[in-house]
Amino acid sequence: MSTLARSTLPISLLALALSVGACTDGDDDGPTPVPNTGVFAGQDDAHLHRAAFAAVGGDVFYLGFVAAQYASDASPTCPAVTTAGGVTTVTGGCVTDGGAHLAGRLILTNVEGVANAPAYDRSKPSIIEAQGWEDDGGDGLAAVDGTFTLTRTATGESRVARLDSTALGIRAQLDVTYDCAADGMCTIAPGSQLQVDGIGATAMAESFRFDEPLVGSITLAGADQMVIDVATSTERCFRVAVAGAAPHDACAVR
């Protein structure tokens, strides 16, 4: 099985087949929103890129990719993977053959696997839960907690993510619902929020498509705002307009 733990994952915006919090308060109703007072003006490109990457679903793509690799697959090596019915448990606390250190757990309920998934039921929601999951061996998230739920509807899919994750040394907390049509065009539901360390909390809005042809935009609004032009962005460099300034490419620092 090819997994992120055993090889480097080239996360590409064009490959986002799965989409996507504020700190959870422990209630089933989800995180308690905080005031949208985030500031983009004056931020370096590393923080602007991190915000854009999380907003377009990069964090959720990583989680979905790993889940699809492990679902319904029993592995005798690191990590330990066990499946009972429609639930797969992935347990770290080990070092992979490639030298990656894994920690925490992933609980995958009714998640379709890449190779096989005998208990998968398309009519039921797919739920991915990360419990202190850490992976220092790939280009994805170094750490992630939270849940991603994918529910198929009569017109497409509902994608709900409540994640607290760290990538490239910057923490982001995402509480978002994407309502997606069959053609991949997704609208961010009212009340969705993104927090990025160093920026603060921002409201999310607008519509865009994850798959080719890339179209649309995302607006992150706090004390000021950043507009992400999805159509002209790549995974490494997002085209952003900050606080009314001319658009520029905010690129990842690796």
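**Three disulfides and a hairpin**

Let me begin with a disulfide, meaning a pair of cysteine sulfur atoms within 2.5 Å, and here one joins Cys237 to Cys251, with an S to S distance of 2.0 Å. This pair links distant parts of the chain, since Cys237 sits in strand E15 (residues 237-242) and Cys251 in strand E16 (residues 248-251), 14 residues apart. When I say strand or helix, I mean DSSP runs numbered from the N terminus, with at least two residues for a strand (E) and at least four for a helix (H or I).

I should say early that this is a predicted model, in which local features need pLDDT of at least 70 and side-chain atom pairs count only at pLDDT 80 or more, while totals for chains, interfaces and linings use all residues. Residues are numbered from 1 along each chain as its sequence is written, and side-chain values use heavy atoms, with hydrogens and water left out.

Staying with that first link, the S-S bond of Cys237 and Cys251 has a torsion of 110° and is right-handed. Cys237 counts as buried at 18% relative accessibility, whereas Cys251, at 23%, counts as partly exposed; buried means under 20% relative accessible area, exposed over 50%, and partly exposed in between, using a 1.4 Å probe and protein chains only.

How many disulfides does the structure hold? There are 3, and, with bonded cysteines counted along the chain, they follow the pattern 1-2, 3-4, 5-6.

Another of them is formed by Cys180 and Cys186, whose sulfur atoms are 2.0 Å apart, and the torsion about their S-S bond is about 110°, so this disulfide is right-handed. Cys180 is buried, at 4% relative accessible area, and Cys186 is buried too, at 0%.

Cys78 and Cys94 also form a disulfide, with 1.9 Å between their sulfur atoms. Here the two cysteines are 16 residues apart and lie in distant parts of the chain, Cys78 in the loop between helix H2 (58-70) and E1, and Cys94 in strand E3 (residues 94-95). Cys78 is buried at 11% relative accessible area, while Cys94 is partly exposed at 22%.

That loop brings us to strand E1, which pairs with strand E2 (residues 87-91) in the antiparallel sense over 5 bridges, where pairing requires that DSSP finds at least two bridges between two strands. Across this pair, Thr82 stands opposite Thr89 in E2. The hairpin has 2 residues between its strands, and Gly85 takes a positive phi near 65°.

Finally, Ala84 lies in E1, which spans residues 80-84, and Ala84 is exposed, at 56% relative accessible area.
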